[in-house]
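Here is a short briefing to read alongside the coordinates. Please have your viewer open, and let's begin with one helix and work outwards.

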Amino acid sequence: MKTFLCAMFRQQVWVLLLAVLFSVSIVGCGGADEDATTTPATESSSNNQTPLPAKADASSDAEPSPPAGEPFEPLELLSTMVLQEYSLGAFTFAPDSTTFVTGGGEPKVWRIGDEEPLHIFEGLYPLTGTIVEADTLAISANGKLLAIGGGDGLVHLFDFENNELLHSIEANEAGIVSVAFSQDGKRLVSSGYDGLVKTWNTETAEPLAVINTESQKAVRSDITPDGKTVLSAGDEVFLWNAESGDQLGALGLSEPRAVFVREAKFTADGKQVVTADLTVDFENAALVWAVDTRKIIATLKHEFGVGAVSFSPDGKLLATGDMDTQAQIWDIAAQKSLQTIIEEGNTVDEVAWSPDGKLLAIVSDGTIRFYGRPGTIKTSAAKPQDLSTEPPLEADTVGAPADEPESPAPPTVKLPEAATMEQLVAMLDLEKFPRIEGGDYQTTEKNNIGYLAPLTIPEAREFYREKLSAAGWQEREQSVAELDTDQSWLRIYEKEGYLLRLYFNTLGDSVEGQKITVEFLHMGNIDTRKLPAPAGGEVTFETPEFTSYTADIDPDEALENCRRQITALGWKEESVQKSNFGAAITFVQNAITLTARIQPGTGGQTLVMYDVAAHAK
């Protein structure tokens with residue numbers, strides 16, 4: 001059992017890291033969510049709460065759903081925009097429904113169909129790719145204000161009409177998760193990784209209320225159109241008075257219903273809330289709640305966990321995106337899926353209805369696709385391929401040659417020979433390296449140590465920083481906010497060209513007195529940045545242990561390209577695995593495993609990723 005838990009834990013670390021780096025929006029991996037299954041419901045989740053105030057209706061002229069009696073006509077793909085950034089960070093429509101803003105290292109304003117942005121917000125994140133970027137965006141309904149929140153904990157408030165910076169608000173110390181405006185734009189709500197939700201006067205940038213949700217996870221927030229009520233979403237969804245900060249009630253997502261609330265939003269009239277849970281009763285669904293009764297009025301199920309949601313302006317339809325490749329459009333009242341859209345092998349990062357209700361934007365891996373009725377905007381792309389018709393998972397035989405093998409190209413780069421296990425142990429003997437006293441040891445191997453420890457993450461961090469520094473290892477700064485908290489913490493250490501990964505994760509409840517999981521992993525001495533790039537490849541992300549490219553070749557050609565180039569460097573091909581979502585080919589040399597992951601991208605491009613780690617074979 002212990003071996004299984006540790007192996008599962010290592011896999012979740014890798015999935016979360018990739019997800020965050022490339023905005024796959026999987027907050028539930030890596031443990032920030034898994035511990036919620038053992039978190040008991042708080043007393044405030046009882047329905048014996050102060051009655052909620054009535055909500056003022058917000059007028060809307062949009063008609064995204066057909067009148068009663070008329071059948072729903074599936075939306076068609078009208079325009080595809082493949083932006084330069086692989087990760088967009090965030091997305092929001094402007095009120096005109098033709099302009100939008102993307103997040104990331106440099107937030108940008110775009111018009112649908114244009115090849116160049118209308119404006120770039122330069123200088124907000126000068127250490128882009130190393131520290132933080134824009135993770136959340138909101139535009140006021142009148143189009144006058146734009147809020148940009150990032151991992152530095154600041155909310156930048158702009159006059160959106162002329163892109164002039166009005167205020168930079170120090171909102172949340174551990175990074176911003178979400179921002180939202182009231183209908184009149186006079187109030188703003190922000191929330192972050194520190195469990196705090198704050199409401200602000202947008203004219204003065206002064207706080208109105210500071211709400212401590214006491215959540216140990218990232219907290220999302222939203223505000224009703226009238227600006228009187230805010231919600232916080234983490235383990236549970238709570239409703240609060242936006243001015244006093246008093247709690248008004250909870251939706252009652254008590255265990256085992258919610259593992260983690262990935263998103264929660266009000267309808268345009270403030271009368272309903274949708275929650276997107278990574279797991280709901282283990283059935284993967286978005287739930288729609290009536291705010292006044294705090295009861296579920298619709299359960300909308302996906303095959304995989306739901307991570308993105310958006311109400312149509314009239315509140316009749318809901319768009320959802322899951323952790324696989326599907327976006328769906330739902331009739332909320334009928335609890336019926338009206339349309340399923342497949343995102344060509346890419347995880348759905350965001351879904352967003354335009355303010356006029358005529359367009360649905362689906363964001364995945366740096367590409368935005370706009371769906372709607374023909375004639376709404378100019379068509380610029382064909383319909384996406386439905387991958388459900390692709391063949392099932394299959395495995396190639398080890399070292400299988402291509403149909404027409406080509407002679408290996410001579411090496412064009414020089415790499416050191418991959419380290420042996422003896423060399424790794426000489427750099428750091430994990431089996432003998434100091435460990436936290438009182439730990440429950442699960443995995444003890446020369447390349448990997450995993451155990452449960454009785455300390456908190458800040459205590460364990462201080463313990464190992466001292467030990468590793470004394471041993472000559474240098475800590476590299478973490479650029480992913482979700483992996484730099486007191487609940488989930490990951491660092492790469494370097495010494496003389498060798499890499500070491502240290503990862504901590506908080507347990508939901510103590511396990512026999514233990515509080516966190518600890519994992520050490522030797523990653524070897526191979527710098528992935530020095531590996532041969534795929535033909536026509538352009539770097540999208542690079543660190544010594546992980547490098548990715550986009551290339552103007554098809555996936556099969558990229559696979560054979562990797563096979564020729566890596567074997568020419570003296571690596572032995574070990575296995576190839578293929579699925580609907582791409583392929584992974586592994587190579588070994590001494591005690592190091594090198595994996596090349598190939599995934600179909602957009603616009604005819606292919607994503608190629610290299611990662612390395614030591615193995616115990």
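On the side of helix α3 that points away from its buried face sit the exposed residues Glu-462, Glu-466, Ser-469 and Ala-470. Keep in mind that this is a predicted model, with a mean pLDDT of 79 for the protein.

**Helix α3**
- Turn α3 round and you meet its buried residues, namely Ile-457, Ala-460, Arg-461, Tyr-464 and Leu-468.
- These buried residues span an arc of only 100 degrees around the axis, which means that they lie on the same side of α3.
- The helix covers residues 457-470, and its 14 residues at 1.5 Å each should span 20 Å; the end C-alpha atoms are 20 Å apart, so expectation and model agree.
- Just past the end of α3, Gly-472 adopts a positive phi of about 90 degrees.

**Aromatic rings**
- Tyr-464, one of the buried residues of α3, also belongs to a cluster linked by ring pairs, together with Phe-433, Phe-463, Trp-489, Phe-504 and Phe-520.
- How many aromatic pairs does a search of the whole structure find? The count is 14.
- Phe-541 and Phe-546 have ring centres 6.1 Å apart and planes at 55 degrees; planes under 30 degrees apart would count as stacked and over 60 as edge-to-face, so this pair is tilted.
- Are Phe-541 and Phe-546 buried or exposed? Both of these residues are buried.
- A charged side chain joins the picture at Phe-72, where Arg-373 lies over the ring face, 5.4 Å from the ring centre.

**The protein overall**
- The secondary structure comprises four helices and 41 strands.
- Of the 617 residues in the protein, 56% are buried.
- Taking contacts between residues at least 6 apart in sequence, 53% connect residues at least 24 apart.

**Where to be careful**
- A pLDDT of 70 or more is reached by 76% of the residues.
- Residues 1-63 have pLDDT below 50, and this stretch makes 153 contacts in the model beyond near neighbours in sequence.
- Residues 379-412 likewise stay under 50 in pLDDT, and the model gives them 50 contacts beyond four places in sequence.
- Where pLDDT is low, the predicted coordinates should not be read in detail.

How values were computed. Residues are numbered from 1 along each chain as its sequence is written. This is a predicted model: local features need pLDDT of at least 70, side-chain atom pairs count only at pLDDT 80 or more; totals for chains, interfaces and linings use all residues. Side-chain values use heavy atoms; hydrogens and water are left out. Rings of Phe, Tyr and Trp (its six-membered ring) pair if their centres lie within 6.5 Å; planes under 30 degrees apart count as stacked, over 60 as edge-to-face and the rest as tilted. Buried means under 20% relative accessible area, exposed over 50%, partly exposed in between (1.4 Å probe, protein chains only). A charge sits over a ring if NZ of Lys or CZ of Arg is within 6 Å of the ring centre and within 35 degrees of the ring normal. Helices (H or I, at least four residues) and strands (E, at least two) are DSSP runs, numbered from the N terminus. The expected span of a helix is 1.5 Å times one less than its number of residues. The arc is that of the directions from the helix axis to the C-beta atoms. pLDDT is the predictor's confidence in each residue, from 0 to 100. Contact means heavy atoms within 4.5 Å.
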